[in-house]
Amino acid sequence: MFTRSERLKLAASPLGKPKFERHLSPTCDCRHATASLSFLLRRPERIDVSVVDSDGGHVATLADGEDFEAGTVSFEWDGKDDGGQVVPDGLYRLKVRLERDRRNVLIPKTIVVDTELFDDDGRLVA
């Protein structure tokens, strides 16, 4: 086990280049009501992708055991949990489980959910 963990530390991450729309206001009727989330998958993989809260708790499933080719993988998140409820304001991240690689990656880049940040025209509320 020790040898495997040391090899993983030296290996390049199987994911790269995360690009997230940083702010999400799921209750506005504007372009900020959903967020585009993407990352680079360095090799083909079967993955689970979920949104987690600041404590690492599961919030929403974006992919469940889906096969993807190497390249950019993209998702849309509407700021709702798996039950269809708008999540509380706060910071959220993506957790990616790589089935073949047998590892989880928590992407450090955050998505800020703020239900009062934008009006229905997409303008920042002061």
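**Figure 1. A left-handed disulfide joins Cys28 and Cys30.** The torsion about the S-S bond of this pair is about -65 degrees, so the disulfide counts as left-handed. If the term is new to you: a disulfide is a covalent bond between the sulfur atoms of two cysteines. Keep in mind that this is a predicted model, in which the sulfur atoms of Cys28 and Cys30 sit 2.1 Å apart. How many disulfides does the count come to? The answer is 1. Are Cys28 and Cys30 buried or exposed? Both of these cysteines are buried.

**Figure 2. Phe39, Phe68 and Phe75 make up an aromatic cluster.** Ring pairs are what link these three residues. A pair of aromatic rings is described by the distance of the centres and the angle of the planes. Let's try that on Phe68 and Phe75: their centres are 6.0 Å apart, and their planes make an angle of 70 degrees. Planes over 60 degrees apart count as edge-to-face, and that is the label this pair gets. Phe68 is buried, and Phe75 is buried too. Across the model, the count of aromatic pairs comes to 3.

**Figure 3. Three strands line up in an open sheet.** Reading across the sheet, the strand order is 1-3-6, and the pairing is antiparallel. Which strands stand at the edges? They are strand 1, residues 15-20, and strand 6, residues 71-77. Each has a single partner strand, so one of its sides has no neighbour in the sheet. Neighbouring strands here are turned by 20 degrees against each other on average, ignoring direction.

**Figure 4. Strand 1 meets strand 3 in the antiparallel sense.** Strand 3 covers residues 35-41, and 4 bridges connect it with strand 1. Want one bridge to look for? Find Lys19, then look in strand 3 for its bridge partner, Ser38.

**Figure 5. Stepping back, the protein chain has 1 helix and 9 strands.** What order do the elements come in, starting from the N terminus? They run α-β-β-β-β-β-β-β-β-β. The chain has 126 residues, and 38% of them are buried. Now take the contacts between residues with a separation of 6 or more: 58% of these involve residues 24 or more positions apart. As for the outside, the chain exposes about 7600 Å², with carbon and sulfur atoms supplying 48% of that area.

Methods
Residues numbered from 1 in each chain as written. Predicted model: local features only at pLDDT ≥ 70, side-chain atom pairs only at ≥ 80, totals over all residues. Heavy atoms only, no water. Pairing = 2+ DSSP bridges. Helix = DSSP H or I, 4+ residues; strand = E, 2+ residues; numbered from the N terminus. Axes fitted to C-alpha atoms, helices over the stretch in contact; angles between N-to-C directions. Buried < 20%, exposed > 50% of the residue type's maximum accessible area, 1.4 Å probe, protein only. Contact = heavy atoms within 4.5 Å. Areas by Shrake-Rupley, 256 points an atom, 1.4 Å probe, with all protein chains shown as cover. Phe/Tyr/Trp six-rings, centres within 6.5 Å; stacked < 30°, edge-to-face > 60°. Disulfide = S-S within 2.5 Å.
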